[in-house]
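These are my notebook entries on a structure I looked up. I began with the charges and then turned to overall form and to the cysteines.

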Amino acid sequence: MDYSKLKLSIILLFATIAFGTSGYVFIEGMSPFEAFYMTVITISTVGFSEIKPLSDIGRVITIIVIGMGISLLTYTLGQVARIIVEGELRTILGRRKLEKQIAELKDHYIICGYGRIGTIIVKELRNAKIPLVVIDQDPASIEALMAEGILCLNMDATSDEALQSAGLATARGLVTAVSSDADNVFIALSAKGMRPDIFILARASDEKNESKLLRAGASRVVCPYQMGGRRMAEILHKPTVVDFLDQTMMHNELGLQMEEAVVSGGSSITGKTLMSSNLRQDFGVIIVAIKRITGEMVFNPGPGEIFNAGDVIVAIGKKAELRRMSTALR
């Protein structure tokens, strides 16, 4: 919002007050306080009588103060009113625009908490171009999110209203990553109560609370400190494996990605074996695993493994080829 006009009008208003005060002091011989009082009642046109009779020059000063003071005071108050009205109007319109954008979302993720973990999650989802909404109570976090054009709500994620406003009814999943495990449990309970089929990924600061989060309705629970410790240990005794996974999953230095794709009922490979599907020949991908609809995980599937509708294929390959494969499996 442009405040330059308001600043200029305030400066000119104070200049007028200084002019009137100094004029009354030096021309009419008033004390500084009397001169200031005289200037203020003249500008405000309250109709009080003069402190003492004025000379002709004093009356000229009064005329100038009245003319400039009333105009500047009116203009300054108008600018203040404009800023207040425009600010409130912008807030209302911005809120309505945000509500409309969230209402139009479908299959998005709701991220509760924009701390260290939430920041990483949001970054990765944005890189994957997956729609999301963040709920956080920290004004600084909300300001940072808005600056990046990320849909966000400055609300308490433990409230049903916040989850509803974030589009829980149409969301693909919810991530609860606030710092308090108790709040994460409460959010999971609220979300599961409102939407029993929602996928919930929960953060646990303490490994002991993992079972509580699962009982509260969380589909999966992640303990960042435990995972971080395991990863550090793996770097010590399996550094090449970790480097390969990093380059494949994170940094993309090899030009490869690991991706998953669901085999639909109408897919051309439904009912076919891994060999007869020609996935490797057609798309140049490596099939790492197949997750059956029953939850069974088949690692390094053999050429005779049959693809069924609902199976999830885990593959490694180039991004463009993986995208083509995912499209073909629909």
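Entry 1, charges. I worked from a predicted model. I counted 35 positive and 35 negative side chains in the protein chain. The centres of these two sets lie 6 Å apart.

Entry 2, overall form. I looked up the secondary structure and found 13 helices and 10 strands in the protein chain. I then compared the radius of gyration with that of a compact globule of 330 residues: the globule would have a value near 20 Å, but the protein chain has 33 Å. The C-alpha trace spans about 110 × 45 × 40 Å along its principal axes.

Entry 3, surface and contacts. I noted that buried residues make up 35% of the 330 residues. The protein chain exposes about 19,700 Å², and carbon and sulfur atoms supply 60% of that area. Among contacts between residues at least 6 apart in sequence, I found that 58% join residues at least 24 apart.

Entry 4, cysteines. How many disulfides does a search of the whole structure find? The search finds 0. I recalled that a disulfide is a covalent bond between the sulfur atoms of two cysteines. Why is there no such bond at C112? The closest cysteine sulfur to that of C112 belongs to C152 and is 13 Å away, which is too far for a bond; the cut-off for a disulfide is 2.5 Å. Seen from C152, the closest cysteine sulfur is that of C112, again at 13 Å. I also checked burial: C112 is buried, with a relative accessible area of 0%, and C152 counts as buried at 5% relative accessibility.

Definitions and conventions: Residues are numbered from 1 along each chain as its sequence is written. This is a predicted model: local features need pLDDT of at least 70, side-chain atom pairs count only at pLDDT 80 or more; totals for chains, interfaces and linings use all residues. Side-chain values use heavy atoms; hydrogens and water are left out. Buried means under 20% relative accessible area, exposed over 50%, partly exposed in between (1.4 Å probe, protein chains only). Helices (H or I, at least four residues) and strands (E, at least two) are DSSP runs, numbered from the N terminus. The radius of gyration is taken over C-alpha atoms; the globule rule is 2.2 Å times the number of residues to the power 0.38. Contact means heavy atoms within 4.5 Å. Accessible areas come from the Shrake-Rupley method with a 1.4 Å probe; for residues, only the protein chains shown count as cover. Lys and Arg count as positive and Asp and Glu as negative; His and the chain ends are not counted. The place of a charge is taken as NZ of Lys, CZ of Arg, CG of Asp or CD of Glu.
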